[in-house]
Amino acid sequence: MPLTPPIEEALDRFALEQNITREEALAVIAEDWLIGHGYLSAGEDAEPAANEPGAGGGG
């Protein structure tokens, strides 16, 4: 999916700061948005998000 250059840059910065892959960053962002907007409850996730303790994502 094509993204605008500012979104690409922000995504890359986020992934680098979190020490996760670009794909993991997209998953974290999507999960956070879905929870924040009521489409997913925080307990529905089968695995911890990459930036949560114990997830092995460097957090």
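Here is a short chat between a visitor and a guide about the structure above.

Visitor: Before we start, where does this model come from, and how are its residues numbered?
Guide: It's a predicted model, where local features need pLDDT of at least 70, side-chain atom pairs count only at pLDDT 80 or more, and totals for chains, interfaces and linings use all residues. Side-chain values use heavy atoms, leaving out hydrogens and water, and residues are numbered along each chain as its sequence is written, from 1.

Visitor: How many helices and strands does the chain have?
Guide: Helices and strands here are DSSP runs numbered from the N terminus: H or I over at least four residues for a helix, E over at least two for a strand. By that rule, the chain has zero strands and two helices.

Visitor: What share of the residues is buried?
Guide: Buried means under 20% relative accessible area, exposed means over 50%, and partly exposed is in between (1.4 Å probe, protein chains only). The chain has 59 residues, and the buried part of them is 15%.

Visitor: Which residues make up the largest nonpolar core?
Guide: A nonpolar core is a set of buried Ala, Val, Leu, Ile, Met, Phe, Trp, Tyr and Cys residues joined through side-chain atoms within 4.5 Å. The largest one has five residues: Leu11, Ala15, Ile20, Ala25 and Val28. At least two residues of this core come from each of helix 1 and helix 2.

Visitor: Which residues are linked in a network of salt bridges?
Guide: A salt bridge needs a side-chain nitrogen of Lys or Arg within 4 Å of a carboxyl oxygen of Asp or Glu. Glutamate 8 meets arginine 22 at 2.4 Å, N to O; the first sits in helix 1 and the second in helix 2, so this pair ties together parts 14 residues apart in sequence. Aspartate 12 also bridges to arginine 22, with the closest N and O atoms 2.9 Å apart. Put together, the network is Glu8, Asp12 and Arg22.

Visitor: Is aspartate 12 buried, partly exposed or exposed?
Guide: Aspartate 12 has a relative accessible area of 40%. That value makes aspartate 12 partly exposed.

Visitor: What is the phi of asparagine 19?
Guide: Most residues other than glycine have a negative phi. Asparagine 19 lies in the loop between helix 1 (5–18) and helix 2 (22–36), and it counts as exposed because its relative accessibility is 60%. Although asparagine 19 isn't a glycine, its phi is positive, at about 55 degrees.
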